[in-house]
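User: Please take me through this model one question at a time. I would like each answer to show how you got there.

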Amino acid sequence: MEREVDVVVVGGGIVGLANAWAAARRGRSVVLIERDAAAQGASVRNFGMVWPIGQPIGELYHRALRSRRRWLELGERAGVWVNSCGSLHLARRPDELAVLEEFAARAPAAGIECEMLTASAAVSRSPAVRSAGLLGALWSSAELCVDPREAVAKLPRFLAEAHGVEFRFGETVTRVANGRVRTAGGTTWRAERVVVCSGSDFQTLFPEVYASSGIRRCKLQMMRTGPQPAAWRLGPHVAGGLTLCHYTSFRDCPSLPTLRGRIEREQPDIVRYGIHVMASQNGLGEVVIGDSHEYDGDISPFDKTEIDRLILEYFHEMLELPNATIAGRWHGVYAKHPTLPIFVAEPQPSVHIVSAPGGAGMTMSFGWADDLWDAWEAGQEGVQRVAASPSFA
């Protein structure tokens, strides 16, 4: 059986959903094909942080803000829970405070709205923040929180009802060639454009492209508490000093090498497992805690209790919850390119691979999809340069 459609999107995670929405808004008929009964990969295994503050100053930061506006639109139109919570980066050591002060000093010229807070002001922003040993904090109002499980589950219904997107869950795409997409069930779709958003699956479609791309797999471990009692709220997302070494937004701060060197000397296991500690709270009241980063050959299907222990020890030094009992643990695996913020390739005419947003899928996917579709609609097929040129401003 062969059917015709303007666009086929392969993959029902946040990158696929973003591209389906972008195509449908431009008047294209769209079918999205997902091999599982529902998205089960990295898109539902994260903090739910929409995190512009982690993006490098320049085009990527402003693309994150465009993506943020799409999330707010979904909150109004699709009933997705979206919390404009902002974020706090806590400084508990002088080198952490120095990095934050350097970032805050150059932020206004880059159009980033943030400010340094005293320790007492930081404590007033979140009831969880421990005042003992706190030197100050960086506050940003741009960050949002969503529940990835809820958001990724609700988006297909919204896209179907509002834009007529057809969803084919539980079907595996086995071949893409000559403008045709074949599924394991024997259905063939003829399409003007195909967008492959297959996450960390590098084998099923175009394995030779992935093999030569440099893309890596990254495993993270995470936890969550149960709902906090009496409607208690964390307030903003909270991150500690380790996070300053993780996100590229802080990489040009002069004090960062000093901070990094101190952490490497004092906490080698933290560095070994790529740990930085953050917390968010979803609409159910659960506090999500993480995370770690293990790559390629270090990835195991079996989680490490040592990683959870290190995360929780650091977490309890900076935050205190009414109920810190861990109710759930999991890991996720996502794709990450070593230098590009996202990987875009065109293995066949009008067939695009869009992959590896790293840990920024929730933050960046809607902004990337809008830019890519603008380029494709303008006839700019070689859009790898859209991803590559503004990597780090």
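**Helix H5 and its surroundings**

User: Which residue follows H5, with a phi near 70°?
Analyst: Helices (H or I, at least four residues) and strands (E, at least two) are DSSP runs, numbered from the N terminus. H5 covers residues 148-163. The residue that follows H5 has a positive phi, and it is Gly 164.

User: Happy with that. Which pLDDT must side-chain atom pairs have in order to count?
Analyst: Residues are numbered from 1 along each chain as its sequence is written, and side-chain values use heavy atoms, leaving out hydrogens and water. This is a predicted model in which totals for chains, interfaces and linings use all residues, local features need pLDDT of at least 70, and side-chain atom pairs count only at pLDDT 80 or more.

User: How far does H5 reach from its first C-alpha to its last?
Analyst: H5 has 16 residues. The expected span is 1.5 Å times one less than the number of residues, which gives 22 Å for H5. Close to that expected value, H5 reaches 21 Å.

User: Where in H5 does the kink lie?
Analyst: The bend at a residue is the angle between axes fitted to the seven residues ending there and the seven starting there. The kink is about 25° and comes shortly before the proline Pro 156. It lies at Leu 155.

User: Which elements do the buried residues of H5 pack against?
Analyst: Buried means under 20% relative accessible area, exposed over 50%, partly exposed in between (1.4 Å probe, protein chains only). In H5 the buried residues are Pro 148, Ala 151, Val 152, Leu 155, Pro 156, Phe 158 and Leu 159. An α-helix has 3.6 residues a turn, so residues three or four places apart point the same way. The buried residues of H5 pack against H1, helix H2 (59-77), strand E8 (144-146), strand E9 (166-169) and helix H10 (361-377).

**Strands**

User: What is the handedness of the β-α-β crossover from E1 to E2?
Analyst: Strands E1 (residues 2-10) and E2 (residues 30-34) run parallel and are joined by four bridges, and the chain passes between them through helix H1 (residues 14-25). A crossover is right-handed if, with the strands pointing away from the viewer, the path from the first strand over the helix to the second runs clockwise. This crossover is right-handed.

User: Over how many bridges do E1 and E12 pair?
Analyst: Two strands pair if DSSP finds at least two bridges between them. Glu 2 of E1 stands opposite Thr 188 in E12. E1 and E12 (residues 188-196) pair in the parallel sense, and the number of bridges is eight.

User: Which are the edge strands of the open sheet E3-E8-E4?
Analyst: This three-stranded sheet has antiparallel pairing, and Val 50 stands opposite Leu 144 in E8. Each edge strand pairs on one side only, and they are E3 (49-50) and E4 (82-83).

**Two buried residues**

User: Why does Gln 281 count as buried?
Analyst: Gln 281 sits in strand E15 (residues 278-281). Its side chain makes a polar contact (N or O atoms within 3.5 Å; within protein, one able to donate a hydrogen and the other to accept it, and residues adjacent in sequence counting only if both atoms are side-chain atoms) with the side chain of Arg 233 at 3.3 Å. Gln 281 counts as buried because its relative accessibility is 4%.

User: How far apart in space are the C-alpha atoms of Ile 353 and Val 196?
Analyst: Ile 353, in strand E20 (residues 351-355), is in contact (heavy atoms within 4.5 Å) with residues including Val 196 and Phe 206. Ile 353 and Val 196 are 157 residues apart in sequence, while their C-alpha distance is 4.7 Å.
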